[in-house]
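Take a look at the sequence and the model below. We will go through the contacts with DNA, then turn to a sheet.

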Number of protein chains: 2
Amino acid sequence: MEQLGTHRHGDRILGGDRQSCGECEIRDLTFCSVLTAEEMARVRACRTEVKLPAHHTIFHEADEADHLFNVTSGVVKLYKLLADGRRQITGFLFAGEFLGLAANRTYAYTAETVTEAKLCRFSRRRLEKLFDEWPHLEKHLLGIAASELIAAQDQMVLLGRKTAQEKMASFILMMSERAEARGQDGNPVTLPMNRADIGDYLGLTIETVSRTLTQLKNKGVISLMGSGHILLSKPDDLGDLAEGF
Amino acid sequence: MEQLGTHRHGDRILGGDRQSCGECEIRDLTFCSVLTAEEMARVRACRTEVKLPAHHTIFHEADEADHLFNVTSGVVKLYKLLADGRRQITGFLFAGEFLGLAANRTYAYTAETVTEAKLCRFSRRRLEKLFDEWPHLEKHLLGIAASELIAAQDQMVLLGRKTAQEKMASFILMMSERAEARGQDGNPVTLPMNRADIGDYLGLTIETVSRTLTQLKNKGVISLMGSGHILLSKPDDLGDLAEGF
DNA sequence: CGTATGGTTGAGTCCGTTCAAACTGAGTGG
DNA sequence: CCACTCAGTTTGAACGGACTCAACCATACG
């Protein structure tokens, strides 16, 4: 299934290559799913595949927004910083997800790998030309942006109005649902990011994240299985906790 | 300037009419600004102008998303509720701004007027057909969505990582900047919403909003001028407070 | 084994909340 | 004109959930 006459795969750190796409296993998860074979060929021409180690910055806030990216494997986080170093993670991105949309010429946030990750990097200038030619692709992008806006509003509810326990329960459930949405196992769920990242995503400190997980464990709704794996023992109860019941 | 051979203007509460557009004073602020005269004519055909009193619900979360709207005057708020009534306002919309983008068939949030407001209501089905015909309009919409995403991320930073004072200072400055962006006076700034709305937007209680305003007043960076008018006595100091200096 | 890193647990503090009361101003009616 | 109401706002006092600071524990690694 993953072999199509070639066995090449980009393994160089920080290197780029032009192979694959035909053997892309997550094509259905990306905007490439709406492209025909001929369109794919032209998209591939403005594409470079990059492989990055964990905890590596992809771009910084205020950098020139020269590229757009698809995550093809691994996990990426987006964040903004305040002057004194306080950090808010605005999203985690998994295989198939898209990043780089910018309103101005510059990125509005920093993007950094959480795990080792592979990304398709596109020239923004060249890809935008293709958007102009293919309205169906732009329409698809608009759909993605609309979904992200809805998700952002949910996150505002979480940050502004939920308690630590509700935040944590919501987070675990969301990670579980997203894993299932991309065809992976949602229970037990894998949390590839560390406590600091979870805290900065939920508007909590490391200690509160840790304590809240212990509370949920003591309530019997989850089990901590080590190295970022969590078993949802009572998913329905976890859902109730997430919504404040 | 506002007269173009007709003196009609829709003043019926809850009523709709098909006039104007030609005399629309805020056309430059809306997506209509990218339309030609012929395109405008077709957009007008799927448009109804509605005038609503203050504190009137435009649509509810989970309603069928049959319409899209442009705010032509007044102020609108968007919010989501938790099961027990906790509320998070995700945005305030002013003249020229657009609402109704939905990922599914249903709205993801409730929209309600803050002040008396006029809106252009479009049939979603018919307007989306025009999107398909006019890629430049869809492109413009994508730009709007991208800007809103950036704004949503800023709001996440505010909700997750800022103190009450930083939240309040950021809010006043944002309201001031947005007033200027639509050609109104940014200082003194008008806050048409009440304390409860400000609190539910910033993730604070009414009391904290009130106390924080008093603190800012005592610091001498703002003056409360009554009925929602605030004078920014030291805008730069207010900016410093907003960013945590 | 020693060290480093990430995670957990504990004790005390503080910011924002909660609950309560007083104040303000606009509208209403005697 | 003033008394009254009522919603919105401000202020006060006490509380509490999450934070801060600190110590301890677990796992990985040289």
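How far is a phosphate oxygen of DNA strand D from an N or O atom in the side chain of T208(A)? The distance is 2.3 Å. Keep in mind that this is a predicted model.

Stay with DNA strand D. T205(A) also reaches the backbone of this strand: an N or O atom of its side chain lies 3.1 Å from a phosphate oxygen. R211(A) goes to a base instead. There, a side-chain N or O atom is 2.9 Å from a base oxygen of DNA strand D.

Now take in the whole surroundings of DNA strand D. They comprise 14 residues. The closest come from both chains: A164(A) and T208(A), along with R195(B), S210(B) and T214(B). Of the strand's atoms within 4 Å of the protein, 62% belong to sugar and phosphate. Helix α6 of chain A and helix α6 of chain B each supply at least two residues of this surface. The largest share, four residues, comes from α6(B). By class, the surface near DNA strand D has seven polar, five charged and two nonpolar residues.

Move on to DNA strand C. Here T208(B) places a polar side-chain atom 2.3 Å from a phosphate oxygen. For T205(B), the distance from a side-chain N or O atom to a phosphate oxygen of DNA strand C is 3.1 Å. R211(B) has a side-chain N or O atom 2.8 Å from a base oxygen of DNA strand C.

DNA strand C is surrounded by 14 residues. Its closest residues are R195(A), T214(A), A164(B), T208(B) and R211(B). Sugar and phosphate make up 60% of the atoms of DNA strand C that come within 4 Å of the protein. Helix α6, residues 206–219 in chain A and in chain B, supplies at least two residues of this surface from each chain. The largest share is that of α6(A), with four residues. Two nonpolar, seven polar and five charged residues form the surface near DNA strand C.

Leave the DNA and look at chain A. Four strands form an open sheet in the order β3-β8-β5-β6, with antiparallel pairing. β3 (57–59) and β6 (87–93) of chain A each have a single partner strand, so one side of each is left without a neighbour in the sheet. On average, neighbouring strands are turned by 30° against each other, direction ignored.

Inside this sheet, β5 (residues 76–81) and β8 (residues 110–113) of chain A run antiparallel and are joined by four bridges. One partnership pairs Y79(A) with T110(A) in β8(A). Helix α5 (residues 195–202) of chain A lies across β5 and β6 of chain A. This helix runs at about 105° to β6(A).

Key:
Residues are numbered from 1 along each chain as its sequence is written. Chains are lettered from A and ligands numbered from 1 in the order in which they are written. This is a predicted model: local features need pLDDT of at least 70, side-chain atom pairs count only at pLDDT 80 or more; totals for chains, interfaces and linings use all residues. Side-chain values use heavy atoms; hydrogens and water are left out. A residue is near a molecule or strand if one of its heavy atoms lies within 4 Å of it. A polar contact is a pair of N or O atoms within 3.5 Å; within protein, one must be able to donate a hydrogen and the other to accept it, and residues adjacent in sequence count only if both atoms are side-chain atoms. Ala, Val, Leu, Ile, Met, Phe, Trp, Tyr, Cys and Pro count as nonpolar, Asp, Glu, Lys and Arg as charged, and the others, Gly among them, as polar. Two strands pair if DSSP finds at least two bridges between them. Axes are lines fitted to C-alpha atoms, for helices over the stretch in contact, and angles run from 0 to 180 degrees between N-to-C directions. Contact means heavy atoms within 4.5 Å.
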